[in-house]
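Here is a short note on one cavity and the sheet beside it in your notes. Please read the points with the structure open.

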Amino acid sequence: MKYSKSLLSTWEIHHRPRIAILQRAGGGNPFNNLEKSTVLQEARTFNDTPINPRKCGQILTKLLYVINQGEAIGSLEATEAFFAMTKLFQSKDPILRRLVYLGIKEMSKIAQDVIIVTSSLMKDMTGKEEQFRGPAIRALCSITDTSMLQSIERHMKQAIVDKVPAVSSAALVSSLHLSKNSQEVVKRWVNEAQEAVNSDNIMVQYHALGLLYHIRRSDKLAVTKLVSKFSKHTLKSPYAYCLLIRIATKLIEEENAGSGTPMFDFIESCLRHKSEMVIYEAAQAIVQLKNTTAKDLAPAVSVLQLFCSSPKPTLRFAAVRTLNKVAMKHPAAVTACNLDLENLITDVNRSIATLAITTLLKTGNESSVDRLMKQISSFMSEISDEFKIVVVQAIRALCAKFPRKHNVLMTFLASMLRDEGGFEYKKEIVDCIIATIEENPEAKEAGLAHLCEFIEDCEHTVLATKILHLLGREGPRTPTPSKYIRFIYNRVILENAAVRAAAVSAIAKFGAHCEELLNSCVVLLERCQMDTDDEVRDRSTFYVNVLKQQQKALSSAYILNGLQVSVVGLERALHQYTLEPSEAPFDMKSVPLATQPLVEQKVREAPGGLGETPSKVSADKAAATRQDLYQEQLAAIPELANLGNLFKSSAPVEITESETEYYVQCIKHMFRNYIVFQFDCTNTLDDQVLERVTVDMEAGEGFEVVKQVACASLPYNKPGSTYTLMRLPEEPTSVTGTFPCTLKFVVRDCDPTTGEPDDEGYEDEYVLEDVEVTVADHVQKVLKANFAASWEEVGPENELEDTYALATVNTLEDAIKNITQYLGLQPCERSDKVPEGKSSHTLYLSGIFRGGHDALVRAKLALDSSGVTMQLTVRSTDPSVSEILATAIA
Amino acid sequence: MGFFDTLAQWLGVKKREVNVLVVGLDNSGKSTIINHFKPNDAKNHDIVPTVGFNVERFKSKSLAFTAFDMSGQGRYRNLWEHYYRECHGIIFVIDSSDKLRMVVAKDELDALLQHPDLKNRRIPILFFANKMDLRESVSSVKCSSLMGLENLRDKPWHICASNAVTGEGLSEGVDWLTDQIKDLIVSRKK
């Protein structure tokens, strides 16, 4: 794409005088307000004979402009215009011809029968007119598909090694594009690309290296060879060097290697290259590597430091941007540059200044915060949204680092919220404030007040609903909840339906939580029942009815804590229910629970990993539906189909070392009365095929192995699964156990040359590590947003209380970690975070026990000289569950 | 067309430009015929099957021709019609040694004549019965009867036997086409 740009710019040069004249005449952009249909109409002029190159050039330019503005052109119209354009091949006018090439490229994907120009382009590509040859190659490759590629292959090979650099470059880059769809054909051009790498022209060398890498990309060994070969003999092109550095970095990342490898040495040696571009690329690569020591970093950082005082703004920008990105990862290294960064604060280029300040904020100490904030607020209005976001991210990091500074920072964020800005920017600020509120209870009141002010004039529905939800959750628990009601009710009067619905939910939460506000809230909600929108009316009617019951349990279950089921699971369960109608009412407990806490525990990444954020989000989504996937997988196995709904699947546990002959992982799937052990086995011996693979488990203590599902065949390096079904003991309180396991199978040795297995096999077995079933396996984490309400809802009926001395742990954090791990419950209301310097703490845990019983735990912890003392209180809807949980710690 | 162009043409310095369409089945010799008209230094030595079309220019005694050399391969023949409207003459090349596919050529010709862009125009059509040097080739008379040219009454046509490799018969045909197109232009001016 880069090259079509360079072409476009030549085209622009041809046309710029004309545009400039028009602009001076006050006409502005002559292509403004172009109508697609008019332009297509005008394109018929191409059919005239003789051709008027000037006029046709103008029309074609308009057509290109319209296409580039994103106008959708129908296939029929495009084909007509395309064929009209093909007639312009009559003209020898160079500008017109090059515009035609552009036109072909733009329309190659929308018009039909574009291959009509193949021969014409081939003629130009091999012709004498040099300035036609490169563009013709590019246009030709854009209209050629895999089936047609054979016919131009010979010409492409020739063009790659052509002595004219522009032609060679064009052919190389086009080959790169072609290889997306025709990998196999392009692979055959490797010799030509090899030859082109030796070219004297820096662009050709770069493009040739790019193509070579692309062809060998999937073969790691070949790539390693490629890098080591070219890192020795000197390349001319700095671009090629940069590419080589990137390839080397990727290799290091893939192998998870650190310094000391030849790849790293190569990158390190590039720090002494004579081209600034290469030096920067190398430095940037080194600081972004994962496994680096302070010693490895030092030369790279000193290079960046040098760039910081360069007279070239681009170098300063590049250096400070890189430092900014790695500030959180290597604070010590970046601190070394502090003096240079201080000098950049007053840089005339605002982008450089912003990055310098935010870098300093990230690495600086508490005392410098005030000064830097003052400095940055002086030019906040001059920088673009993109950099404002950088500033906000820096502040977010600061809030976490210096909780005591929240006053300064909150005020600053509030003033930024008041300023103009796009959605991304505002979202970042709101996220930052919300994060601060959750981390730091002292900042809560101020933060909520700022957010209330913000939603008074907020054009973004998403943000408004998000804030209303937060107000509903946090507002009722503040000392003066009543002051928030006004802000929320204003939304009901002024906003669109989505925001109104969110506001209604928020008011209901105030009503449910604060008894003194109940009556007023009911009055407000009753007014909302007249709303024009269905959703708002439905919500308010529902809430009014629940609130009027005045029952704690109801309010807690239906207003404060909501449904905790997986949406996919709920959909499937309801669908199943409608397919097989029965007299029995739908049982909510049969729906699998949402595996929500995963999202909750997501740690915000350092800004250095901006590019990775989307992949992480998708990973979370995958995790949320993991259980649904297992449910489907298990249901597909006839022996295991009738066990009911899957309650919980544990994370995979390795029960062999990862380097052994057979690698086995175990996943425990918990059902109401059964456990299914899923063993994922991998055979790492290439001279064996395993058959009829099962895992024998020695059951005991009331557990009973019911069935085994064998894995029929386990060839080399193809994972397979075998299952063992076990019935849980009748006695409700015996839930834990340890089971020795043995892998049993029939081995068939393979012929080492052909890989064909022998006909005869023999039985063998392999001892695995024990599989343990713990209390945590029986418990599903569920987050109760309002723990106190749930605590009251369950009531003291099955309450058990005991006091323990935890001698082995020395800090509250460790105690909390251990307790959470043993019980497998979800910490609520951020009680898993201990404020600094406190010697006592209360941990709230909640979850659901197998069978659908609510389980709540309150652990009061106190730190003293001998260790941690804990008073554990368990409440549950089932007495045996309370007993199990209370004894789990002991 | 500017004043100077008109003047130059009137004085006979600049030749009038016309478009001709070169069609026919694949491997009938279209590109070779066009290649023959090109000046010696621009000649192409290896002719490969055309994909799509090629634009070539050549001159006869009083006209400058722009020839659209179309691809004759089966799947590209439906693309000919995009170029019917703007042409002043058609050159239809027949491989006179390929009796088997003469019917295919006839089908293509009939489709061409029936096309709305050409149906009502008195457009001159020049037929080359090419490859006359080959032993199994048929005479131009036989060729015209096989193509059913006697039924073609509403358009001026001419058939001549040719050998594109040596150039025999080509200039005779193009001279006829030149005269026809000039007549047409003159009659249109009146």
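1. First, a term. Strands, such as β4(B), are DSSP runs of E with at least two residues, numbered from the N terminus. Lining residues have an atom within 4 Å of a cavity point. Keep in mind that this is a predicted model.

2. Now the cavities. The count is 5 cavities of 30 Å³ or more. This note takes up the second largest cavity, with a volume of about 60 Å³.

3. Which residues line the second largest cavity? They are B:Leu25, B:Ser28, B:Val93, B:Ile94, B:Asp95, B:Asp98, B:Arg101, B:Met102 and B:Ala105. Two elements give two or more residues to this lining: β4 (89–95) and α3 (102–114) of chain B. The largest share, 3 residues, comes from β4(B).

4. Check the chemistry of the lining. By class, 5 residues are nonpolar, 1 is polar and 3 are charged.

5. Next, place β4(B) in its sheet. The sheet is open and has 6 strands in chain B, in the order β2-β3-β1-β4-β5-β6, with mixed pairing. Its edge strands are β2 (53–59) and β6 (157–161) of chain B, and each pairs on one side only. From one strand to the next, the twist averages 25°.

6. Look at one pair of strands. Strand β1 (residues 16–24) of chain B runs parallel to β4(B), and 5 bridges join them. B:Gly24 has B:Val93 in β4(B) as its bridge partner. B:Val93 also lines the second largest cavity.

7. Finally, the helix. α3(B) lies across β1, β4 and β5 (125–130) of chain B. It runs at about 165° to β4(B).

Note on methods
Residues numbered from 1 in each chain as written. Chains lettered and ligands numbered in written order. Predicted model: local features only at pLDDT ≥ 70, side-chain atom pairs only at ≥ 80, totals over all residues. Heavy atoms only, no water. 1 Å grid on protein atoms, 1.4 Å probe; cavity = no way out; pocket = protein on both sides within 12 Å on 5 of 7 lines; lining within 4 Å. Points joined across faces, edges and corners; volume = space filled by probe spheres on them. Helix = DSSP H or I, 4+ residues; strand = E, 2+ residues; numbered from the N terminus. Nonpolar A, V, L, I, M, F, W, Y, C, P; charged D, E, K, R; others polar. Pairing = 2+ DSSP bridges. Axes fitted to C-alpha atoms, helices over the stretch in contact; angles between N-to-C directions. Contact = heavy atoms within 4.5 Å.
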